[in-house]
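Let's take a friendly walk through this fold. Please keep the sequence and the 3D view open as you read.

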Amino acid sequence: MATRIRQKAERRAKEKDIRPFAKANYIRMSSSKVRIVLDLIRGKKVNEAVAILENMPDSAAAESVKVLKSAIANAENNKGMNRDSLFVAECYATSGPMLKRISQRAKGSGDRILKKTSHITIVLDEVK
């Protein structure tokens, strides 16, 4: 059952993505609303992406700029990268678990309310 464990672990370590990233889980916002904001910054340099997000009125932009600044800090402090050479390589929002609530209706019945959550991930890379 435990055949080639060492070889598999070495292959996994070699194929591991070493780019700096940041992730925010369980954000109380629909992932479709966050994706609209993230589409605007994909492929942009980080200084330009921060400027775009800080000047947007969306609440999804406020959460996304926190994640982006965290990814920039991870790149500078943990990987030793220069901020001026970074760009947003990947950014995506996936749906998280839904909070299920009941709203009271007439005649003792109820309607279900689904409060959606999302996970935001931003991956940076250096310009070659």
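The report below covers the sheet, the helices that lie across it, the core, and two residues in the strands.

## The sheet

Please keep in mind that this is a predicted model. Its open sheet is made of three strands in the order S1-S5-S2, with antiparallel pairing. Strand S1 (21-27) and strand S2 (86-95) are the edge strands, each pairing on one side only. On average, neighbouring strands of this sheet are turned by 10° against each other, direction ignored.

Looking at one of the pairings, S1 and S5 run antiparallel and are joined by five bridges. If you would like a spot to centre your view on, Ala 22 stands opposite Ile 122 in S5.

## Helices across the sheet

Helix H2, residues 31-41, lies across S2 and S5, and runs at about 170° to S2. Helix H4, residues 59-77, lies across S1, S2 and S5; its direction is about 40° to that of S5.

## The nonpolar core

Which residues touch the most other members of the largest nonpolar core? They are Leu 38, Leu 68, Ile 122 and Leu 124, in a core of 28 residues. At least two core residues come from each of S1, H2, helix H3 (46-54), H4, S2 and S5. H4 gives the most, with eight residues.

Leu 124 is a nice residue to explore by hand. Leaving out residues up to four places away in sequence, Leu 124 touches Leu 68, Ala 71 and Ile 72, as well as Leu 86, Phe 87, Val 88 and Ala 89. Its list is completed by Arg 19, Pro 20 and Val 46.

## Two strand residues: Asp 125 and Tyr 92

Asp 125 lies in strand S5, which spans residues 118-126. Is Asp 125 buried or exposed? Its relative accessible area is 18%, so Asp 125 counts as buried, the cut-off being under 20%. Apart from neighbours within four places in sequence, Asp 125 is in contact with Arg 19, Ser 85, Leu 86, Phe 87 and Ala 89.

Tyr 92 lies in strand S2. With 38% relative accessibility, Tyr 92 is partly exposed, because that class falls between the 20% limit for buried and the 50% limit for exposed. Not counting residues up to four places away in sequence, Tyr 92 touches Leu 38, His 119, Ile 120 and Thr 121. For a sense of distance, the C-alpha atoms of Tyr 92 and Met 29 are separated by 14 Å, and these two residues are 63 residues apart along the chain.

Notes:
Residues are numbered from 1 along each chain as its sequence is written. This is a predicted model: local features need pLDDT of at least 70, side-chain atom pairs count only at pLDDT 80 or more; totals for chains, interfaces and linings use all residues. Side-chain values use heavy atoms; hydrogens and water are left out. Helices (H or I, at least four residues) and strands (E, at least two) are DSSP runs, numbered from the N terminus. Buried means under 20% relative accessible area, exposed over 50%, partly exposed in between (1.4 Å probe, protein chains only). Contact means heavy atoms within 4.5 Å. Two strands pair if DSSP finds at least two bridges between them. Axes are lines fitted to C-alpha atoms, for helices over the stretch in contact, and angles run from 0 to 180 degrees between N-to-C directions. A nonpolar core is a set of buried Ala, Val, Leu, Ile, Met, Phe, Trp, Tyr and Cys residues joined through side-chain atoms within 4.5 Å.
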